[in-house]
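Please take a moment to look over the sequence and the model before reading on. The report that follows moves from the bound molecules to the strands, and then to a few single residues.

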Amino acid sequence: MEIERAEVIVTSPGRNFVTLRLTTTDQVQGVGDATLNGRELAVASYLQDHLCPLLIGRDPQRIEDIWQYLYRGGYWRRGPVTMAAIAAVDVALWDIKAKLAGMPLYQLLGGAVRTGLLAYGHASGADLPRLFESIEKHLELGYRAIRIQTGVPGLGPLYGVAAGDSEGTRYDYEPARRTMVPTEEAWDTRAYLRHVPSVFEAVRNKFGPELPLLHDVHHRLTPIQAARLGKSLEPFDLFWMEDCTPAENQEALRLVRRHTTTPLAIGEVFNTVWDYQTLITEQLIDYVRSAVTHTGGISPMRRLLDFAGLYQIKSGMHGPTDVSPVGMAAAMHLGLAIHNFGIQEYMRHSKATMDVFRTSYTFAEGLLHPGDQVGLGVEIDETAAAAYPYAGAYLPVNRLLDGTVHDW
Ligand code: GCO
Ligand code: MG
């Protein structure tokens, strides 16, 4: 058996997605997600122009050999574009292997360690009344853990705060705007640091102490500011404080860790285990945030999470709408099979997206499950996909009030 065809399908049902579909000489197909928000065409080209030609004629069962061939053989290692492209190949090959084995992918990864995967959704609101409404909506949807993002008095639109859209009840925030030049947002750290503790106090007063609450700082603080925020949020018992400071300098988290017991999640913009080495070996974080889609696929993500598990660190895989249903399914199969699963982000995709991707995963009573279809359990409807051509969309750029570009 050989890989006979490698198709890169770019589609935009509500937002841009890049999907790789491999077909074997026995007509067995596998899909992989290669979506990288705002850089979709770069990954599509990396696949189309550089990887797909290398796949034709290869044995699709040799997943690790193909992975090493694409990672080491490409010479230029790491980085989000490279690792998203390789991830799509890896996941598509795992999909094929599980189909050949006649079992759902998680069985091939060692079987289920749990009955389901605790999921969290994105509640948000420009002010407390709209935030409370969004939390209540997510509780109605069955979520048992919720991310809380709000506006900051005096500031305009901010990351993670949904303005509502044509679908009305959709509270999930779609950050990539369909503009050829990124929109710009204004930021004031001091106003944010003064405001956030009062938000969590109000949420706890209204919704009680039990509900797991998460918050995403989105890389905007210095380590000492992150330490201050973590300490100020301790009375509100967060499940995690995410991306509290840029972590290319992993040692920066030593300072944060010294000052606060608020659990820390880092890494949605990371793409190899090396980005985490100090964070993990010094237990500077509690959750690994990377998505299978951005980290080279299931093969390296399993290694990364096994490594993290040695240090009592759990998974908290990235699951926004810019991880496609294919990438979500890969995360769910892996999350079901590892011992150190923590929580799975699940922003829920739009109706248009779910018209293009046929999925078998479920969300019930706050838990996700990948389903028991053979393989990944996701197929892409290429006819439906063709109805949604690519449209440029970029994440916003953030500036301080004096105009200085700041982390978004
Ligand atoms: C998250 C992410 C999103 C990002 C988006 C960027 O935690 O889900 O931080 O809020 O804005 O994934 O593409
Ligand atoms: Mg995040």
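How far does a polar side-chain atom of Glu 345 lie from an oxygen atom of ligand 1? The separation is 2.4 Å, and like every other value in this report it comes from a predicted model.

## Ligand 1 and its surroundings

Glu 345 is not alone in making such an approach to an oxygen atom of ligand 1, since a polar side-chain atom of Arg 289 lies 2.8 Å from an oxygen atom of that ligand, and a polar side-chain atom of His 218 lies 2.9 Å from one. Taken by itself, ligand 1 would expose 340 Å², and the protein buries 95% of that area.

Around ligand 1 there are 15 residues, of which Asn 37, Glu 268, Arg 289, Asp 322 and Glu 345 come nearest. Glu 268 deserves a second look, as this residue is also one of the protein donors of the magnesium ion, ligand 2.

## The magnesium ion

Which residues supply the protein donors of the magnesium ion (ligand 2)? They are Asp 216, through an OD atom, together with Glu 242 and Glu 268, each through an OE atom, and these donors lie 2.0 to 2.1 Å from the ion. Along the sequence, the donor residues follow the spacing D-x25-E-x25-E. Asp 216 belongs to strand 7 (residues 213-216) and Glu 242 to strand 8 (residues 240-242), so this pair ties together parts of the chain that are 26 residues apart in sequence.

Are Asp 216 and Glu 242 buried or exposed? Asp 216 has a relative accessibility of 1% and therefore counts as buried, and Glu 242, also at 1%, counts as buried as well.

## Strand 2 and its two partners

Strand 2 covers residues 17-24, and because eight of its eight residues are buried, it is largely enclosed by the rest of the structure. In a regular strand, the side chains alternate between the two faces of the sheet. In strand 2, Phe 17, Thr 19, Arg 21 and Thr 23 point one way, while Val 18, Leu 20, Leu 22 and Thr 24 point the other way, and all of them are buried.

Strand 2 runs antiparallel to strand 1 (residues 3-11), to which eight bridges join it, and within this pairing Arg 5 has Thr 23 as its bridge partner. The hairpin made by these two strands has five residues between them, and there Gly 14 takes a positive phi near 95 degrees. Strand 2 also pairs with strand 3 (residues 29-33), again in the antiparallel sense, over five bridges, and here Leu 20 stands opposite Gly 32. The hairpin of strand 2 and strand 3 has four residues between the strands, and in it Gln 27 takes a positive phi near 65 degrees.

## An open sheet of three strands

Another sheet is open and consists of three strands in the order 6-17-18, with mixed pairing. Its edge strands are strand 6 (184-187) and strand 18 (405-406), each of which pairs on one side only. Strand 17 (residues 397-400) and strand 18 run antiparallel and are joined by two bridges, and Asn 398 stands opposite His 406 of strand 18.

Glu 185 is found in strand 6, and with a relative accessibility of 6% this residue counts as buried. Its side chain makes a polar contact of 3.1 Å with the side chain of Trp 408, and a polar atom of the Glu 185 side chain also lies 3.4 Å from the backbone nitrogen of Tyr 159.

## A loop residue and the cysteines

Where is Pro 209 placed? Pro 209 sits in the loop between helix 6 (189-207) and strand 7, and at 54% relative accessibility it counts as exposed. The C-alpha atom of Pro 209 is separated by 7.5 Å from that of Phe 236, although these residues are 27 residues apart along the chain.

How many disulfides does a search of the whole structure find? The search finds zero. A disulfide is a covalent bond between the sulfur atoms of two cysteines. Among the cysteines, Cys 52 has a relative accessibility of 5% and counts as buried, and Cys 244, with a relative accessible area of 1%, is buried too.

Definitions and conventions
Residues are numbered from 1 along each chain as its sequence is written. Chains are lettered from A and ligands numbered from 1 in the order in which they are written. This is a predicted model: local features need pLDDT of at least 70, side-chain atom pairs count only at pLDDT 80 or more; totals for chains, interfaces and linings use all residues. Side-chain values use heavy atoms; hydrogens and water are left out. Donors are N, O and S atoms within 2.8 Å of the metal (3.2 Å for Na, K and Ca); water is not among the atoms, so sites may look incomplete. Buried means under 20% relative accessible area, exposed over 50%, partly exposed in between (1.4 Å probe, protein chains only). A disulfide is a pair of cysteine sulfur atoms within 2.5 Å. Two strands pair if DSSP finds at least two bridges between them. A residue is near a molecule or strand if one of its heavy atoms lies within 4 Å of it. A polar contact is a pair of N or O atoms within 3.5 Å; within protein, one must be able to donate a hydrogen and the other to accept it, and residues adjacent in sequence count only if both atoms are side-chain atoms. Accessible areas come from the Shrake-Rupley method with a 1.4 Å probe; for residues, only the protein chains shown count as cover.
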